[in-house]
Amino acid sequence: MEIGVSEEITVKEDWLEHVQTYNAKRAIHQVLKTMEKDEPIRRCPICQPIPGGDIIGFREPGGHVVVHRRSCPSIIEQASQAGDSVVNVEFKDDPDVHYPVTVSIRAIDRYHLLMDVIDKITNGLGLSIDSISTETKDEIAEGKITFFVHSVTELVLALKQLYEIDGIEEVKGDGIR
């Protein structure tokens, strides 16, 4: 029997099924844990998960882990094809990292409504706005606002704060209501 070594090969979880000894299994477990901690984590561009949400990881060829929301159509399809690549991940909030979220609002139009929404997000919550689009028809204002948060907790707080603005009837944000 010959054992080969290569920088290009990464340890796979299914190797555990092929080794016999306790020491070999322990070594594989340790490498897998280290890989989960050290590998770069990328966010799925489709579902745009944020820390604190209901997430799952998918290990891509090359060892990178892509974080998805559990409800993401992309991860559901990938898991059905390569379920052994689905991994648990810790996606913690980082005070130096901001994630874009898009919130939809519906309100009874009134003077300074948009100004109140902007003030609540920027001054009230201290968050940066990326873009705003609004349309008013029959005195009902509908809009989408993209701003940056650190975590799901911060997004939920933003939704609650927006709901408190006079005239706001509906607030929806990236899978959270």
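This passage looks at a four-stranded sheet, the helices packed on it, and one buried serine in a loop. The structure is a predicted model, in which local features need pLDDT of at least 70, side-chain atom pairs count only at pLDDT 80 or more, and totals for chains, interfaces and linings use all residues. Residues are numbered from 1 along each chain as its sequence is written, and side-chain values use heavy atoms, leaving out hydrogens and water.

The sheet is open and antiparallel, with its four strands in the order β6-β7-β5-β8. Strands (E, at least two residues) and helices (H or I, at least four) are DSSP runs numbered from the N terminus, and two strands pair if DSSP finds at least two bridges between them. At the edges sit β6 (129-137) and β8 (168-173), each pairing on one side only. On average, neighbouring strands are turned by 15° against each other, direction ignored. Eight bridges join β6 to β7 (residues 140-149), and Glu135 has Glu142 in β7 as its bridge partner.

Two helices come into play here. Helix α4 (residues 152-163) packs on the sheet and touches β5, β7 and β8 (contact: heavy atoms within 4.5 Å). Its direction makes about 165° with that of β8; axes are lines fitted to C-alpha atoms, for helices over the stretch in contact, and angles run from 0 to 180 degrees between N-to-C directions. Helix α3 (residues 113-124) lies across β5 (99-108), β6, β7 and β8, at about 155° to β6.

Elsewhere, Ser85 lies in the loop between α2 (73-81) and β4 (86-87). With a relative accessible area of 18%, Ser85 counts as buried (under 20%, against over 50% for exposed and partly exposed in between; 1.4 Å probe, protein chains only). Leaving aside residues up to four places away in sequence, Ser85 touches Gly57, Phe58 and Arg59.
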